[in-house]
Amino acid sequence: MRIGTIAFSLFFLIILEAVIGSAQPLLPQAPPVLPFTLMGKVYIDNKPAPPGTIVTAYVDNKEVARYNLTEEGAYVLSIPSKDFEGKSAYIFVNGIRTNTSVKIIPGEIETADITVQIQDQEEQNLTLLWVLIAITIVIGAMLFKFIFHR
């Protein structure tokens, strides 16, 4: 009888451990942190951005979200908020920083239309190139005069 009681006790303890061990995952856990969502329209040179345009969000100089436009002019960025809550995200279009920045708030959905002027930047680069060419010509002429007209 004594061996039967010990065997029953061991069996009971094994069953009890199995029930308690499997009950631990049922304990309440913290809910997941929802991402911050930024969505809207994106324009390049005042026209809706074409499919294939890339909109990115950077926090602390790190890319945290990327969206490749699949339809003309519409984007949605899902920015993880667990590690970036309260920080500012800066928005880029095709690698060009825009004037758009947002504060990351978990679970929030914000709308922002983004505009980027690429044509103006290309014109500025071309103007700078012409200025550099002109300066090179002037310096070259001065050197030529200095060397050959002593």
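The chain of this predicted model carries two helices and nine strands. Read from the N terminus, the order is α-β-β-β-β-β-β-β-β-β-α, so the run of strands sits between one helix at the start and another at the end of the series. As for packing, 23% of the 150 residues count as buried.

Four of the strands come together in an open sheet, in the order 4-3-6-7, with antiparallel pairing. Strand 4 (62–68) and strand 7 (96–103) are the edges, and each of them pairs on one side only. Ignoring direction, neighbouring strands in this sheet are turned against each other by 25° on average. In general, strands of a sheet pair through backbone hydrogen bonds, and they can do so in either a parallel or an antiparallel way.

Within the sheet, strand 3 (residues 54–59) and strand 6 (residues 88–93) run antiparallel and are joined by four bridges. To pick out one residue pair, V55 has V93 in strand 6 as its bridge partner.

Over in strand 7 sits T98. With a relative accessible area of just 7%, T98 falls under the 20% cut-off and therefore counts as buried. A polar atom of the T98 side chain lies 3.1 Å from the backbone nitrogen of T100, which is within the 3.5 Å limit for a polar contact.

Two loop residues stand out for their backbone angles. Most residues other than glycine have a negative phi. D60 is not a glycine, yet its phi is positive, at about 50°; this residue lies in the loop between strand 3 and strand 4. N94 shows a positive phi of about 50° too, and is likewise not a glycine. N94 is found in the loop between strand 6 and strand 7. At 40% relative accessibility, N94 is neither under 20% nor over 50%, so it counts as partly exposed.

Turning to the surface, there is a nonpolar patch of about 1000 Å². The residues behind this patch are L128, V131, L132, I135, I139, L143, F144, F146, I147 and F148. One of them, L128, is found in helix 2, which covers residues 118–148. Each residue of the patch has over 30% relative accessible area, because that is what patch membership requires.

Terms used: Residues are numbered from 1 along each chain as its sequence is written. This is a predicted model: local features need pLDDT of at least 70, side-chain atom pairs count only at pLDDT 80 or more; totals for chains, interfaces and linings use all residues. Side-chain values use heavy atoms; hydrogens and water are left out. Patches are made of residues with over 30% relative accessible area and no salt bridge: like charges are joined within 9 Å, nonpolar side chains (Val, Leu, Ile, Met, Phe, Trp, Tyr) within 5 Å. Accessible areas come from the Shrake-Rupley method with a 1.4 Å probe; for residues, only the protein chains shown count as cover. A salt bridge is a side-chain nitrogen of Lys or Arg within 4 Å of a carboxyl oxygen of Asp or Glu. Two strands pair if DSSP finds at least two bridges between them. Axes are lines fitted to C-alpha atoms, for helices over the stretch in contact, and angles run from 0 to 180 degrees between N-to-C directions. Buried means under 20% relative accessible area, exposed over 50%, partly exposed in between (1.4 Å probe, protein chains only). A polar contact is a pair of N or O atoms within 3.5 Å; within protein, one must be able to donate a hydrogen and the other to accept it, and residues adjacent in sequence count only if both atoms are side-chain atoms.
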